[in-house]
Amino acid sequence: MGMLRRDIWTTPEGRQVVWMTLTSWLLVLGVYQLTETLSGRLGWLYDIPMDVPAVVLVALLVLPAYPLVLALHEATPWQKWLIFFVVALVIASLQSMVNLAENRLLGVIPRFDAAHADIIRERFARVMQGHFYKTFANITLIAFTVQVRDRAADRMALLEVSARADRARLAALRLQLNPHFLFNTLNAISSLVGAGRAREADEMIERLSDFLRQTLEEDVDAIVPLGQELAALDSYVAIERIRFGERLNIELNVDRLLRARILMPSLILQPLVENAIKYAVAPARQPVTIALSAWEEDGLAVIEVRDGGAGVAVDCGSITSTGLGLANVRQRLETLYGDAAALEAGPDANGGWRVRLRFPPAITSLS
């Protein structure tokens with residue numbers, strides 16, 4: 001009922017109904033005139049000045065069915081068909097009266113009186129049948145158009161709700177990342193201060209400030225170039241280097257062209273490197289290299305983080321008390337890309353542990 005507004009005919013849907021109705025009735029007139037021409041009867045040429053306005057008026061009589069269709073939005077199918085049938089009869093009767101008036105003006109019916117009752121009834125019955133079929137079909141077409149539009153609107157509403165839910169989910173995952181990293185870093189700063197390493201503690205605080213400023217200024221569901229993601233990762237690695245010194249080596253194998261071409265969720269590489277540091281660098285007494293590589297394969301971007309540690313197994317589905325780890329990355333990829341993305345993790349053939357991401361490289365926003 002809320003659709004019955006005064007401006008109903010100025011809406012795109014209202015204008016579509018008007019043009020659809022006028023076009024269909026004028027098309028019927030054109031087909032009639034074509035058949036008359038093919039039969040060698042050209043009398044319709046003299047009736048054009050009267051036929052066209054009459055057909056337009058007959059078509060306009062159908063338009064009140066549009067707000068009726070909207071009002072019957074929640075009616076059962078049987079109720080709708082019954083009402084459409086009755087309304088088509090009423091409208092067809094009015095349309096037939098218009099045609100009788102046209103016949104009178106054209107002289108087909110000399111006068112509206114008892115003496116010409118037979119011709120009036122014959123003319124009325126003949127046009128009434130045709131008008132009923134065409135009007136019922138017209139109303140059905142209007143109802144179908146409204147139904148298709150409503151279903152499309154419902155589908156768009158569901159997609160929007162789904163997109164909002166995905167954004168909220170991504171926001172939650174992203175916002176959980178910073179406390180996780182912050183918790184570990186503050187513990188490291190506290191340890192440095194307790195060990196009397198004030199200069200290193202000050203440097204770590206400065207690096208932490210740069211990293212948080214760089215990451216918190218982004219939207220929680222931001223999609224960034226690989227180059228920007230590597231810059232944020234560099235800030236994080238600078239903090240960890242203060243903790244581990246020469247035990248931590250980072251090796252980048254990323255083509256410069258890919259840094260601009262590959263687009264990806266922001267802060268998705270940091271958990272992978274953090275995971276490698278936690279399980280490969282932290283327990284090691286010798287220097288450990290973490291290699292980050294990127295390439296394109298079969299239309300997908302491939303990002304690999306591989307460490308030279310002892311190859312300790314990591315449960316990709318686990319969520320520890322201090323953070324989300326690889327589960328966070330997996331969930332973000334599934335939210336953004338669905339089945340088009342994958343996260344693979346396992347022992348590397350050359351020793352150590354390897355995590356590989358695959359995802360479409362050209363996504364620009366969450367839709």
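Student: Which residue in E7 does Gly346 stand opposite?

Tutor: In this predicted model, strands E6 and E7 pair in the antiparallel sense over 6 bridges. Strand E6 covers residues 342-347, and its Gly346 stands opposite a residue of E7, namely Arg354.

Student: In the hairpin of E6 and E7, which residue takes a positive phi?

Tutor: The hairpin has 5 residues between the strands. A positive phi near 100° is found there at Gly351.

Student: How many residues of E7 are buried?

Tutor: In a regular strand the side chains alternate between the two faces of the sheet. In E7, Trp353, Val355, Leu357 and Phe359 point one way, Arg354, Arg356 and Arg358 point the other way, and all are buried. The strand is therefore largely enclosed by the rest of the structure, the buried count being 7 of the 7 residues.

Student: In E7, which residue is the bridge partner of Val302?

Tutor: Strands E5 and E7 pair in the antiparallel sense over 6 bridges. Val302 belongs to E5, which spans residues 300-307. The bridge partner of Val302 in E7 is Arg358.

Student: What is the order of the strands in the open sheet of 5 strands?

Tutor: The pairing within this open sheet is mixed. Its edge strands, each pairing on one side only, are E2 (248-253) and E6 (342-347). The twist averages 15° from one strand to the next. The full order is E2-E4-E5-E7-E6.

Student: Which residue in E5 stands opposite Leu292?

Tutor: Strand E4 (residues 288-297) pairs with E5 in the antiparallel sense, over 8 bridges. Leu292 lies within the E4 range, and the residue opposite in E5 is Val305.

Student: What angle does the direction of helix H9 make with that of E4?

Tutor: Helix H9 (residues 270-281) packs on the sheet. Its contacts there are with E2, E4, E5 and strand E7 (353-359). The angle between the directions of H9 and E4 is about 145°.

Student: How far apart are the end C-alpha atoms of helix H7?

Tutor: Helix H7 has 19 residues (226-244), and at 1.5 Å a residue it should span 27 Å. Just after H7, Gly245 takes a positive phi of about 60°. The end C-alpha atoms of H7 agree with the expected span, being apart by 26 Å.

Student: What share of the residues of the protein count as buried?

Tutor: The protein has 10 helices and 7 strands. It exposes about 20000 Å², of which carbon and sulfur atoms supply 60%. Of its 367 residues, the share that count as buried is 41%.

How values were computed: Residues numbered from 1 in each chain as written. Predicted model: local features only at pLDDT ≥ 70, side-chain atom pairs only at ≥ 80, totals over all residues. Heavy atoms only, no water. Helix = DSSP H or I, 4+ residues; strand = E, 2+ residues; numbered from the N terminus. Buried < 20%, exposed > 50% of the residue type's maximum accessible area, 1.4 Å probe, protein only. Areas by Shrake-Rupley, 256 points an atom, 1.4 Å probe, with all protein chains shown as cover. Expected span 1.5 Å × (residues − 1). Pairing = 2+ DSSP bridges. Axes fitted to C-alpha atoms, helices over the stretch in contact; angles between N-to-C directions. Contact = heavy atoms within 4.5 Å.
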